[in-house]
Amino acid sequence: MASVSRALRPRPCLAAPRPGCGLRVARSVPAYGGATEKAEWGLAIAPAPAAAASGPVLRSRQFLCKAEANISSNLPESIPAGASQYEKIVELLTTLFPVWVILGTIIGIYKPSMVTWLETDLFTVGLGFLMLSMGLTLTFEDFRRCLRNPWTVGVGFLAQYLIKPMLGYAIALTLKLSAPLATGLILVSCCPGGQASNVATYISKGNVALSVLMTTCSTIGAIAMTPLLTKLLAGQLVPVDAAGLAISTFQVVLMPTIIGVLAHEYFPKFTERIIFVTPLIGVILTTLLCASPIGQVAEVLKTQGAQLILPVALLHAVAFALGYWLSKLSSFGESTSRTISIECGMQSSALGFLLAQKHFTNPLVAVPSAVSVVCMALGGSALAVFWRNKGLPADDKDDFKE
């Protein structure tokens, strides 16, 4: 997953295009064997004889430049011919994410002993490594781009931390859930965006760069917003340790992300060597972090699963819809609206499960987060596949500009 968000994240093009000769982007790219070479990536703007003579290498670089420049948000239907066999395998494993979630859910319910070894301490380490892999794909320039695009990123942040928590609170009251289950639903609705949303955005032909930045911003905001909103909305139902939630969120979410960004910034050669391993690690960790919560509450799900599926599924379905139509009302294009919808509907349910385990005495508080892991992954993936098959309008505008 890290490779998808990193490869498709736009960077500023340094040279202006000249008519008939294409767009040239100069940058350092890792060469075979770990060395670094200076290369120019070309994106053909008008037919040019030189473009046809460069072979598959140029076609691969043209694809990457198009993705990074984000000229349009029409993502490729398939992997470019110049991609290595390893990249093709990682791409396949990434886009089959919903399949792994389904398999993990089945294993968690019927063979929980296979995944319950990933308990609180190991679960914390696994989630920390997942956030570290995301941090390795980011640079300080990404944060500066957030400041240069405040409205686009801000709408997603508003949907994540205003609409979604209020929606969770309203559903819990309307369906008259018990105090621990209502608290768990509110807690998961206050969690930041998850890495799985970047994958779903890629599949849906949304704006992957915007998705990565929105996930980053909501992750940083989680230190204050998740404990504060949980305290305000669920504090009247059960005691909420807001300070403990804030500390745990900082340790598990922000600290690994910062370490990853610093490693990318100050040790670029080292990062370039290990970045090729992180996608596969991310897929494995995400699958385990989805299966383990299900396995740990398998008995509760077998007895009360029907009662829990409706409120959690309703939370995600309405969040997807509100995120999309809020974006449309804000006059955003189709690709941006899809991105904000997915970011609003998919969050780090694994973080909610961990916080529920560490800071709430009643084990039922963790159950909505476990159900949410499956609902958000399957719902987001299904919506992404639907949008991918539907395609984008020919005149879709780019709301996310440098």
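**Loops, helices and cavities: a quick tour**

Okay, let's start in a loop: Ser-331 sits between α15, residues 298–329, and α16, residues 334–345. One thing to keep in mind as I go is that this is a predicted model. Ser-331 is not a glycine, and yet its phi is positive, about 65 degrees. Is Ser-331 buried, partly exposed or exposed? With a relative accessibility of 47%, it counts as partly exposed, because the exposed class begins only over 50%.

There's another residue of that kind in the loop between α8 and α9, and that's Lys-176. Again we have a non-glycine with a positive phi, this time about 55 degrees. Lys-176 has a relative accessible area of 73%, so it goes down as exposed.

And a third one: Lys-205, which follows α10, has a positive phi near 65 degrees.

Let me step back to the whole chain for a second. We have 18 helices and two strands. The chain has 402 residues, and 54% of them are buried. If you take the contacts with a separation of 6 or more, 79% of them are between residues 24 or more positions apart.

Now, back to α10, residues 196–203. How many of its eight residues are buried? Eight of the eight, so this helix is largely enclosed by the rest of the structure. If you want to click through them, that's Ala-196, Ser-197, Asn-198, Val-199, Ala-200, Thr-201, Tyr-202 and Ile-203.

Next up, a helix pair: α8 and α11. Their axes are 9 Å apart, and the angle between them is about 35 degrees. The crossing is right-handed. From α8, the residues in this contact include Val-153, Gly-156, Phe-157, Gln-160 and Tyr-161. On the α11 side, we have Met-214, Cys-217, Ser-218, Gly-221 and Thr-226 among them. What classes of residue make up this contact? It's 13 nonpolar and six polar, with no charged residues.

Hold on to Thr-226 from that list, since I want to look at its surroundings. Thr-226 is in α11, and it counts as buried because its relative accessibility is 0%. Past its neighbours within four places in sequence, Thr-226 contacts Tyr-161, Leu-187, Cys-190, Cys-191, Pro-192, Gly-221 and Leu-355.

There are two more buried hydroxyl-bearing side chains I'd like to show. Well, let me just name them. Thr-183 is in α9, residues 179–189, and with a relative accessible area of 0% it's buried too. Thr-183 and Ala-234 are 51 residues apart in sequence, but their C-alphas are 5.5 Å apart in space. Then there's Ser-292 in α14, also at 0% relative accessibility and so counted as buried. Setting aside residues up to four places away in sequence, Ser-292 touches Val-115, Leu-118 and Phe-123.

Right, cavities. How many of 30 Å³ or more turn up in a search of the whole structure? Four. The largest has a volume of about 170 Å³. Its lining has 16 residues, and the closest to the centre are Leu-130, Thr-286, Ser-348, Ala-350 and Met-376. Which helices give this lining at least two residues each? Those would be α6 (120–135), α14 (278–296), α17 (349–359) and α18 (367–390). By class, that lining has ten nonpolar and six polar residues, and no charged ones.

The second largest cavity holds about 40 Å³ of space. Its lining is Val-153, Gly-156, Phe-157, Gln-160, Met-214, Cys-217, Ser-218 and Glu-343. Two elements give two or more residues here, α8 (150–174) and α11 (208–234), and that's the helix pair we were just looking at. The largest share is from α8, with four residues. By class we get four nonpolar, three polar and one charged. Go back to the pair for a moment: Val-153, Gly-156, Phe-157 and Gln-160 in α8, and Met-214, Cys-217 and Ser-218 in α11, are in the helix contact, and these residues also appear in the lining of the second largest cavity.

That's my tour, thanks. Happy to rotate the model to any of these.

Methods:
Residues are numbered from 1 along each chain as its sequence is written. This is a predicted model: local features need pLDDT of at least 70, side-chain atom pairs count only at pLDDT 80 or more; totals for chains, interfaces and linings use all residues. Side-chain values use heavy atoms; hydrogens and water are left out. On a 1 Å grid over the protein atoms alone, a cavity is a set of points where a 1.4 Å probe fits but cannot get out, and a pocket is an open set with protein on both sides within 12 Å along at least five of seven lines; lining residues have an atom within 4 Å of a point. Grid points are joined across faces, edges and corners, and a volume is the space filled by probe spheres set on the points. Ala, Val, Leu, Ile, Met, Phe, Trp, Tyr, Cys and Pro count as nonpolar, Asp, Glu, Lys and Arg as charged, and the others, Gly among them, as polar. Axes are lines fitted to C-alpha atoms, for helices over the stretch in contact, and angles run from 0 to 180 degrees between N-to-C directions. A crossing is left-handed if the near helix is turned anticlockwise from the far one by less than a right angle, and right-handed if clockwise. Contact means heavy atoms within 4.5 Å. Buried means under 20% relative accessible area, exposed over 50%, partly exposed in between (1.4 Å probe, protein chains only).
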